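Colleague: I'm new to this one, so could you walk me through it? I'd like to know what stands behind each label.

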Amino acid sequence: MGIVVESVSKNFGSFKAVDQVDLTVKSGSLVALLGPSGSGKSTLLRLIAGLEMPDSGRIFLTGKDSTYQSVQERNIGFVFQHYALFKHMTVRQNIAFGLEIRKAPDKKVKGRVEQLLELVQLTGLGDRYPSQLSGGQRQRVALARALAVEPEVLLLDEPFGALDAKVRKDLRAWLRRLHDEVHVTTVFVTHDQEEAMEVSDEVVVMNKGRVEQVGTPADIYDNPASAFVMSFIGPVNVLPSSSRIFQSAGFEAPHPEVFLRPQDVIIEKQANGASASAKVSRLIHLGWEIQVELTLDDGQVVTAHLTRDRFNELELEPQQRVYVKPKDAKSFPVYYSI
């Protein structure tokens, strides 16, 4: 296996940052650590990197017990949110830095640098300085520098967090393509659900220092293991089980709260025996979909997402009377607020 974390805990004073975490990352996979601020994801990444030492538990990298190894002994590449490039060095010198520290032969350094410039799509920019590059280009240099020493594990801490939305989206697609070429075991930290779902093979959802669920993006979204996971991954309506929308549909929830995705709210213009009456209170055009805010007769507010074709078919207008029912809903024992 690429990375194995066994019962690892880390405290900072009385604060339990990582609490008895078990995790296996398959060799060659790309895994996202996803969670809100304070969930322990960055601390776990730093423990894997050797930048922090665990209070208990063990960490194995490529089959070797690395729990108390130094950063240098772990053969990892680490990319920070804010690039950490050497401003006085050119792109080519930044990428070569790790190899030169290891006293690699000049011929090998030159060949590896040119190979990486092509790999990260920066051919022709090797003599520029970081200040002459865009944010997205600087992050590519940081990734190339991390890959230069041929690490067994690549760790990325919020790598695109400092970039604007368009550049972030472009770099996410690029990172996925890059990983498919180099196949280095990669773990990246993010609080962006879309980023985690789009890029990773598996998502590790963390909350309050613990792992809530591990699975493919589809598994995490379609089969959430807890109320926290469902509320954190994608938009959701959280309604009491007594809400009219569930009573009318005959949905019996085993717990007081019910979770309903906006795309699972069915809207019709005519009543039927399983629907509840509602009023269209607001329409929000999001380009590829329409968000419809509905107020049920019992005062509960429900958000629905419609495709543009379905919206045009219904011809909805504010204050219009419609009828709604749930397509699918889930109920959990306890709801942990984010």
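Colleague: Why does Phe251 count as partly exposed?

Modeller: Keep in mind that this is a predicted model. Phe251 has 27% relative accessibility; buried means under 20% and exposed over 50%, so Phe251 falls in between and counts as partly exposed.

Colleague: And what makes Phe246 buried?

Modeller: The relative accessible area of Phe246 is 0%. The cut-off for buried is under 20%, so Phe246 meets it.

Colleague: How many aromatic pairs are there?

Modeller: The count comes to five aromatic pairs. Phe246 and Phe251 form a pair, with ring centres 5.5 Å apart and planes at 45 degrees.

Colleague: Why is the pair of Phe246 and Phe251 called tilted?

Modeller: Stacked needs planes under 30 degrees apart and edge-to-face needs over 60. At 45 degrees the planes of Phe246 and Phe251 fit neither, so that pair is tilted.

Colleague: Then what makes Phe259 and Phe332 edge-to-face?

Modeller: Their planes are at 75 degrees, which is over 60, so the pair is edge-to-face. The ring centres of Phe259 and Phe332 are 5.4 Å apart, and the limit for pairing is within 6.5 Å.

Colleague: Where do Phe259 and Phe332 sit in the chain?

Modeller: Phe259 is in strand β12 (residues 257-260), while Phe332 is in the segment after β18 (330-331). They are 73 residues apart, so the pair links distant parts of the chain. Both Phe259 and Phe332 are buried.

Colleague: How do you know that the charged end of Arg261 sits over the ring of Tyr221?

Modeller: The charged end of Arg261 is 4.2 Å from the centre of the Tyr221 ring, and the distance cut-off is within 6 Å. Arg140 does likewise with Trp174, 5.0 Å from the ring centre.

Colleague: Which residues have the most contacts inside the largest nonpolar core?

Modeller: Those are Ile95 and Leu154, in a core of 45 residues. Helix α4 (residues 135-148) supplies the largest share of this core, seven residues. Leaving aside neighbours within four places in sequence, Leu154 is in contact with residues including Leu143, Ala146 and Leu147. There's also a second, separate core of 24 residues, with Ala49 and Met206 among them.

Colleague: Last one: why is Gly28 called partly exposed?

Modeller: Gly28 has a relative accessible area of 22%. Buried would need under 20% and exposed over 50%, so Gly28 is partly exposed. You'll find Gly28 in the loop between β2 (15-25) and β3 (30-34). Not counting residues up to four places away in sequence, Gly28 touches His179, His183, Val184 and Thr185.

How values were computed: Residues numbered from 1 in each chain as written. Predicted model: local features only at pLDDT ≥ 70, side-chain atom pairs only at ≥ 80, totals over all residues. Heavy atoms only, no water. Phe/Tyr/Trp six-rings, centres within 6.5 Å; stacked < 30°, edge-to-face > 60°. Buried < 20%, exposed > 50% of the residue type's maximum accessible area, 1.4 Å probe, protein only. Helix = DSSP H or I, 4+ residues; strand = E, 2+ residues; numbered from the N terminus. Lys NZ or Arg CZ within 6 Å of the ring centre and 35° of its normal. Core = buried A, V, L, I, M, F, W, Y, C linked by side-chain atoms within 4.5 Å. Contact = heavy atoms within 4.5 Å.
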